[in-house]
Amino acid sequence: MSEETNETSALSQDKPSTDTSENLVFGHKISGGDFVGLGFINTLLGIVTLTLYRFWARTNVRKQIWRSIYMNNEPFEYTGTGGDLFKGFLIATAVITVPYLIIIFSAQMMPPLIGGIIIFAFVLFIYLIIGAAIWLAFRYLASRTVWRGIRFSLKGHPKDFSLMYFGQLMLNLITIGWWSPKMEITIAKWLWGEMYYGDLPFNFDEQRAKDAKLYPLFALGWAILIIGEITLVSLFAGDFMAFESSMKSGNPEDIMHGLNLIGLIYLSLFGFLALILVAFMPYRAAMMRAIASCISLDNATFRLEVTWLQLLGLWFVNTLILVFSFGILAPVAQARAARFIIEHLKADGQVDFAMAEQGEAGPNQAEGLSDAFDIGII
Amino acid sequence: MTCQFNDGKTARSVAVSPDINSDDLSFVTGENRYIWNFDKLLLIDRLHRKLSYKDDLDARLVLDEDIFSNLQIHAPHLSASAERAKSLSLIAKLAASGIAISAIVFFGVPIAAGPLARMTPPSFELQLSESVESQLDVGMDFCYIDPQSEAILQGLANRISNNANLNFPIKVGVIDMSMPNAFAMPAGKIWITRGLFQYAKNGNEIAAVLAHEIAHVENRDVLVSIYRAMGFGIILDAVVGGGSGAGQQLVLWGANLTDLKNSREVEARSDRRGLELLEKANIASTGMAVFFERLEKLEKAMGLGDWAVFLSSHPNSGKRAAEAKSLAKTGENPISAADFERLKKICN
């Protein structure tokens with residue numbers, strides 16, 4: 001079979017290869033417009049079915065994205081089902097959502113100290129299992145991704161990943177965020193370093209991230225964040241005092257003035273968030289490049305040739321799409337993000353796919369836990 | 001007529017030439033011959049005409065257009081119309097589940113919340129009250145009430161509540177806030193803001209507000225609204241997932257508007273019951289209509305038109321005034337002018 005795709009990979013022959021080894025050529029047939037109809041249909045059916053259709057909607061979006069991405073002219077395949085996601089969601093509801101609501105309500109009935117301790121313990125538990133949610137979502141996606149009839153898989157155990165993730169979160173907390181670059185690389189190592197294509201393992205060499213200048217770029221974002229926060233707090237303090245005095249007077253005009261001030265505070269917050277996003281964009285692009293450069297499969301290494309301006313452009317347009325369509329065109333934004341990655345993904349070296357054999361079957365249930373926490377990978 | 005086969009065991013692609021027989025599709029790869037019954041064929045990807053087989057789920061067969069078209073005649077379950085029918089059946093089932101859940105959320109929960117609240121032991125409501133009070137303490141400034149003002153206020157509350165069917169004694173407190181407002185808490189506690197005393201023109205108006213809040217306590221409306229919100233919360237969170245999708249947000253909006261509508265009905269009922277309690281206590285109930293008329297003017301001055309009622313937990317003040325006027329009865333002035341003046345300065 002031969003399909004005409006938008007091929008983007010530069011090939012190189014700098015590593016030895018066997019007769020059956022192949023260069024990796026990535027391509028896609030993703031057009032954002034193809035996903036417009038899907039967005040409207042998904043929303044409409046979501047309303048008709050009291051949103052129960054969303055599991056099948058998400059699956060349809062994934063199927064369409066996966067089958068539009070090609071490696072060596074052969075499409076990927078997403079084998080997940082809406083039923084898988086629905087089952088996972090039901091499990092997460094029983095294990096997390098309902099106990100959460102019951103605990104929160106019961107804590108209201110208790111003396112404040114005991115109620116506070118219970119809620120704190122539960123929040124701690126939630127933080128402990130966020131890692132498991134991420135890992136399970138990743139494992140599910142891997143196990144449902146097939147190429148040439150061979151599926152991907154993620155080895156390991158959610159408990160180990162959860163403990164590692166919690167530890168990294170704590171280190172990040174203690175270092176006021178300065179552990180973040182190290183944390184992201186560590187998490188990527190746990191995910192990509194345990195990934196398999198059939199029985200062919202991916203490798204993750206974190207040493208390659210050292211050239212990525214992650215810390216200087218992180219420091220740039222962090223400095224702008226701190227300056228922005230100080231400016232915002234000094235602005236807030238004045239606005240809050242003005243708001244309080246206008247509300248205390250009881251005069252309708254003053255109350256309206258106070259409400260306008262609240263609007264101004266929200267506007268400032270929005271501007272601040274946009275500034276932070278731009279400030280961290282060079283770091284984000286560097287992190288994406290670093291993670292890609294650490295990953296290898298057989299004799300092939302990967303590169304993601306992304307600049308921060310390109311990434312900012314993607315984010316900006318996707319945000320406009322999401323905001324102005326009230327989220328209806330989310331599939332378009334997801335497709336654009338996938339296309340962006342594929343168009344910038346390059347590989348050097350070769351992989352002997354003919355040697356890859358089928359791996360173990362994936363899990364029966366899906367990423368319900370991540371759904372409970374609204375952790376969306378795609 | 002070259003097609004491609006992946007056996008699902010290795011990543012090797014093999015070119016094959018499938019034959020369509022009477023009951024099956026067959027093809028050969030090297031020394032292996034595959035016979036796939038039509039009934040067990042699975043369509044993986046229509047765009048790429050990719051099939052799998054029920055007994056060999058990892059295997060993939062990619063057909064060319066001619067074979068795929070021909071195959072759909074023998075295996076109609078692979079056709080686009082069969083796929084559409086399957087999708088429609090799923091949507092119908094999900095829609096039916098959605099309707100059933102909607103009925104529970106929008107009708108069942110509000111209906112069940114009242115009886116459930118009335119069945120709840122008062123001791124439970126008392127415990128809830130303590131917890132809520134401790135939380136209020138964080139965000140609100142409570143006023144010190146001098147003994148004389150407390151006696152006036154509490155005396156008025158006792159007189160009105162004498163004819164109410166209460167599980168708890170009424171206890172009135174004052175919050176240091178300029179906005180005129182009053183609200184009932186669980187287990188008989190009623191909070192009135194400093195602004196309301198200043199906004200009121202006479203003792204009848206304060207009595208009317210108190211009577212309305214006592215009606216809430218009598219009906220255990222706070223507990224009802226907690227149960228209603230919990231029911232909405234648990235079911236909607238469980239079903240909708242609290243997500244950020246457009247459909248999810250629309251459903252949550254619908255639930256919020258339904259909750260507000262229920263709340264407006266409860267408020268209107270408390271107005272009517274408040275007027276009854278005033279009448280039974282031989283207190284003039286004319287103050288309620290006058291109070292709401294002035295409140296309507298205040299709302300209009302703040303730019304809140306009639307449309308805003310759909311987003312409000314309380315009915316339109318003009319309508320409330322009209323209904324209160326139609327039901328108002330004459331009676332005594334419950335507090336003297338001097339006592340009223342004292343209450344106006346309650347937080348100063």
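**Notes on a predicted two-chain model**

1. Let me start with a small pairing in chain B: B:Asp19 has B:Ser26 in β4(B) as its bridge partner. That contact belongs to the join between β3(B) and strand β4 (residues 24-29) of chain B, which run antiparallel and are held by 2 bridges. Please keep in mind throughout that this is a predicted model.

2. B:Ser26 also looks the other way, since its bridge partner in β5(B) is B:Ile35. Here β4(B) and β5(B) pair in the antiparallel sense, over 6 bridges. The hairpin of these two strands has 2 residues between them, and B:Gly30 in that hairpin takes a positive phi near 55 degrees.

3. Put together, these strands make an open sheet of 3 strands in the order β3-β4-β5 of chain B, with antiparallel pairing. β3 (19-20) and β5 of chain B are the edge strands, each with a single partner, so one side of each has no neighbour in the sheet. As background, strands of a sheet pair through backbone hydrogen bonds, either parallel or antiparallel.

4. Chain A has a hairpin you may enjoy looking at as well. Strand β5 (residues 145-147) of chain A is joined to β6(A) by 2 bridges, and the two run antiparallel. Within this pairing, A:Val146 stands opposite A:Arg151 in β6(A). On its other pairing, β6(A) meets strand β7 (residues 195-197) of chain A, again in the antiparallel sense, over 3 bridges. There A:Phe152 stands opposite A:Tyr197 in β7(A).

5. How many residues of strand β6 (residues 150-154) of chain A are buried? The count is 5 of the 5, so the strand is largely enclosed by the rest of the structure.

6. Two backbone angles deserve a second look. Most residues other than glycine have a negative phi. A:Arg148, however, has a positive phi near 55 degrees, and its place is the loop between β5 and β6 of chain A. That hairpin has 2 residues between its strands. A:Arg148 is buried, with a relative accessible area of 11%. A:Asn72 is another non-glycine residue with a positive phi, near 50 degrees. It is found in the loop between β3 (69-71) and β4 of chain A. Is A:Asn72 buried or exposed? At 15% relative accessibility it counts as buried, because the cut-off for that class is under 20%.

7. On to the voids: there are 3 cavities of 30 Å³ or more in the structure. The largest cavity encloses about 60 Å³ of space. Its lining has 11 residues, and A:Glu74, A:Arg148, B:Gln4, B:Asn6 and B:Lys50 lie nearest its centre. So the A:Arg148 with the 11% relative accessible area and the buried label turns up again in this lining. By class, the lining has 3 nonpolar, 3 polar and 5 charged residues.

8. Which elements supply at least two residues each to that lining? They are β4 (74-78) of chain A and, from chain B, β1 (3-6) and β8 (56-62). The biggest contribution comes from β4(A), with 3 residues.

9. The second largest cavity has a volume of about 50 Å³. Lining it are A:Lys63, A:Arg67, A:Phe76, A:Glu77, A:Tyr78, B:Ile44 and B:Asp45. Here α2 (54-67) and β4 of chain A, along with β6 (41-45) of chain B, each give at least two residues. Once more β4(A) has the largest share, 3 residues. The class make-up is 3 nonpolar, no polar and 4 charged residues.

10. Aromatic contacts are worth a browse too, with 35 aromatic pairs over all chains. One of these joins B:Phe5 and B:Tyr34 in a tilted arrangement, 4.7 Å centre to centre with 55 degrees between the planes. This pair links distant parts of the chain, 29 residues apart: B:Phe5 sits in strand β1 of chain B and B:Tyr34 in strand β5 (residues 32-37) of chain B. Both rings belong to buried residues.

11. In chain A, ring pairs link A:Phe76, A:Phe138, A:Trp147, A:Phe152, A:Trp192, A:Tyr197, A:Phe202 and A:Phe353 into a cluster. A:Phe76 is also among the residues lining the second largest cavity.

12. Finally, two charges over rings. The charged end of A:Arg54 sits over the ring of A:Phe89, 4.8 Å from its centre. A:Lys155 lies over the face of A:Tyr196, 4.5 Å from the ring centre.

Definitions and conventions:
Residues are numbered from 1 along each chain as its sequence is written. Chains are lettered from A and ligands numbered from 1 in the order in which they are written. This is a predicted model: local features need pLDDT of at least 70, side-chain atom pairs count only at pLDDT 80 or more; totals for chains, interfaces and linings use all residues. Side-chain values use heavy atoms; hydrogens and water are left out. On a 1 Å grid over the protein atoms alone, a cavity is a set of points where a 1.4 Å probe fits but cannot get out, and a pocket is an open set with protein on both sides within 12 Å along at least five of seven lines; lining residues have an atom within 4 Å of a point. Grid points are joined across faces, edges and corners, and a volume is the space filled by probe spheres set on the points. Helices (H or I, at least four residues) and strands (E, at least two) are DSSP runs, numbered from the N terminus. Ala, Val, Leu, Ile, Met, Phe, Trp, Tyr, Cys and Pro count as nonpolar, Asp, Glu, Lys and Arg as charged, and the others, Gly among them, as polar. Rings of Phe, Tyr and Trp (its six-membered ring) pair if their centres lie within 6.5 Å; planes under 30 degrees apart count as stacked, over 60 as edge-to-face and the rest as tilted. Buried means under 20% relative accessible area, exposed over 50%, partly exposed in between (1.4 Å probe, protein chains only). A charge sits over a ring if NZ of Lys or CZ of Arg is within 6 Å of the ring centre and within 35 degrees of the ring normal. Two strands pair if DSSP finds at least two bridges between them.
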